[in-house]
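Biologist: Could you take me slowly through one part of this model, the surroundings of the ligand? Some bearings on the chain around it would be welcome too.

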Amino acid sequence: MEKDKELRDLANKHPNLVLVKLDVSNPSAITEAAKIVEVKLNGLGLNLLINNAGIYTPTASLDTVDAEDMVRTYKTNAVGPMLMAQAFLPLLKKAAQESKAKGLSCSKAAIINISTAMGSIKRTTDSFSPPVISYRCSKAALNMLTMCQALTYGEAGILCVALHPGWVKTDMGTQKVGSG
Ligand SMILES: NC(=O)c1ccc[n+]([C@@H]2O[C@H](COP(=O)([O-])OP(=O)(O)OC[C@H]3O[C@@H](n4cnc5c(N)ncnc54)[C@H](OP(=O)(O)O)[C@@H]3O)[C@@H](O)[C@H]2O)c1
């Protein structure tokens, strides 16, 4: 596959970079991936989990969005990150426990959920074109999930934040107006 060639080339060059295939909308694939990572870590904890995978239906207005798109988008953008955090939690906790660093940080243990300003309820009036309903709602859910994770996992020394990367020229962000 041409799509992941660059990544595979990097992994071939750097043996400490290990690729694990994963569909975040498939709960059993998430459990499997966590097991593989645990074996690769060989007794060490996991410092950083970045939930970056996301999908976007550019045409989803209130007139056109349907249940199937809402559920599919929610599954990848909100449910996936929730299950990922649950599955990797023991490894993240291990890293936090074994770290001598004070406070919360990415070098200790962290969950970074890649969100978007389009998921901000407060900023919706500034960015409502395009409406991308399923995407916005799923990312608003992701933001709430992140707050709940911060309040819960923070006690175990795990930093949990939602991050808006700004506009990035990717497959999703092909045009500046209407990018994720
Ligand atoms: N681009 C922007 O301007 C922008 C702005 C704000 C926020 N974001 C956020 O940044 C993140 C990355 O977006 P992007 O711009 O890089 O989008 P993208 O070019 O469409 O890439 C999305 C990535 O997510 C992966 N993915 C989708 N569904 C998945 C699933 N079920 N399981 C595993 N991987 C899955 C895709 O893998 P495959 O290619 O294998 O399908 C792809 O690598 C997203 O969460 C997005 O909401 C992007």
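Modeller: Gladly! Helices (DSSP runs of H or I, at least four residues) and strands (runs of E, at least two) are numbered from the N terminus. This is a predicted model, where local features need pLDDT of at least 70 and side-chain atom pairs need 80 or more, while totals for chains, interfaces and linings use all residues. Residues are numbered from 1 along each chain as its sequence is written, and side-chain values use heavy atoms, with hydrogens and water left out.

Now to the ligand. There are 26 residues around it, meaning residues with a heavy atom within 4 Å of it. The nearest of them are Lys 3, Asn 52, Tyr 135, Val 168 and Thr 170. By type, this shell has twelve polar, ten nonpolar and four charged residues; Ala, Val, Leu, Ile, Met, Phe, Trp, Tyr, Cys and Pro count as nonpolar, Asp, Glu, Lys and Arg as charged, and the others, including Gly, as polar.

Polar contacts (N or O atoms within 3.5 Å of each other) add detail. Asp 23 places a polar side-chain atom 2.9 Å from a ligand nitrogen, and Val 24 has a polar backbone atom 2.9 Å from a nitrogen of the ligand. At Val 168, a polar backbone atom lies 2.8 Å from a ligand oxygen. Alone, the ligand has 890 Å² of accessible area, of which the protein covers 73%, by the Shrake-Rupley method with a 1.4 Å probe.

For your bearings, the protein has five helices and three strands, in the order α-α-β-α-β-α-α-β from the N terminus. Its C-alpha trace spans about 50 × 40 × 30 Å along the principal axes.

Two backbone spots are worth a look. Most residues other than glycine have a negative phi, and most peptide bonds are trans. Asn 42 has a positive phi, near 50°, and sits in the loop between helix H2 (27–41) and strand E1 (48–51). Ser 129 and Pro 130 are joined by a cis peptide bond, with omega about 0°; Pro 130 belongs to the loop between helix H4 (124–127) and helix H5 (133–153).

Technical notes: A polar contact is a pair of N or O atoms within 3.5 Å; within protein, one must be able to donate a hydrogen and the other to accept it, and residues adjacent in sequence count only if both atoms are side-chain atoms.
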